Amino acid sequence: MFTYNKKEKLKSKKLIEQLFAEGQSVSAYPLKLIYLPVDFDDSVLLKAGVTVSKRKFKNAVDRNRIKRLMREAYRLNKAVIFNNITTQYALMILYIGNDGITFEVMDTKMKVLLNKFLNASSNN
């Protein structure tokens, strides 16, 4: 259940561009989630990607650390979504903060963000 394998990663450039162009968003500072209902060829419900601004975090080491924390927090908390949705979604999680973050804070914010996403997606 607590996996985040290759099938669940958002890799399609075309889909990512479409996501930023047409997707809706929810945020729980310092995280922002852009989502779009889509149809995947495979049986995966969610495909997610994470990104951190190069402008705010010049050092790759810092960006990569934040991305690792985001992926781990998503992996541990995505069960919340999986148990409550039936539609397929493409998700992109952005880190919009200016400073580094601890895993505890990231985990808490990810839970808030995913719950907001559930509420927003169920209202559509």
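**Packing around helix α4**

The buried residues of α4 (buried meaning under 20% relative accessible area with a 1.4 Å probe, protein chains only) are covered by elements that include β1 (24–28), β2 (31–37), α2 (60–77), α3 (79–82) and β4 (89–95). The model is a predicted one, in which local features need pLDDT of at least 70 and side-chain atom pairs count only at pLDDT 80 or more, while totals for chains, interfaces and linings use all residues. Residues are numbered from 1 along each chain as its sequence is written, and side-chain values use heavy atoms, with hydrogens and water left out.

Helix α4 itself comprises residues 103–123 and spans 30 Å from its first C-alpha to its last, close to the 30 Å expected at 1.5 Å a residue, the expected span being 1.5 Å times one less than the number of residues. Its buried residues are M106, D107, M110, L113, L114, F117, L118, A120 and S121.

Of the elements that cover α4, β1 and β2 form a hairpin with two residues between them and pair in the antiparallel sense over five bridges, where pairing requires that DSSP find at least two bridges between the strands. Within this pairing, S25 stands opposite I34 in β2.

In the loop between α2 and α3 lies K78, which is buried, with a relative accessible area of 1%. The side chains of K78 and E8 are joined by a polar contact of 2.3 Å (a pair of N or O atoms within 3.5 Å, of which, within protein, one must be able to donate a hydrogen and the other to accept it, residues adjacent in sequence counting only if both atoms are side-chain atoms).

How values were computed:
Helices (H or I, at least four residues) and strands (E, at least two) are DSSP runs, numbered from the N terminus. Buried means under 20% relative accessible area, exposed over 50%, partly exposed in between (1.4 Å probe, protein chains only). Contact means heavy atoms within 4.5 Å.
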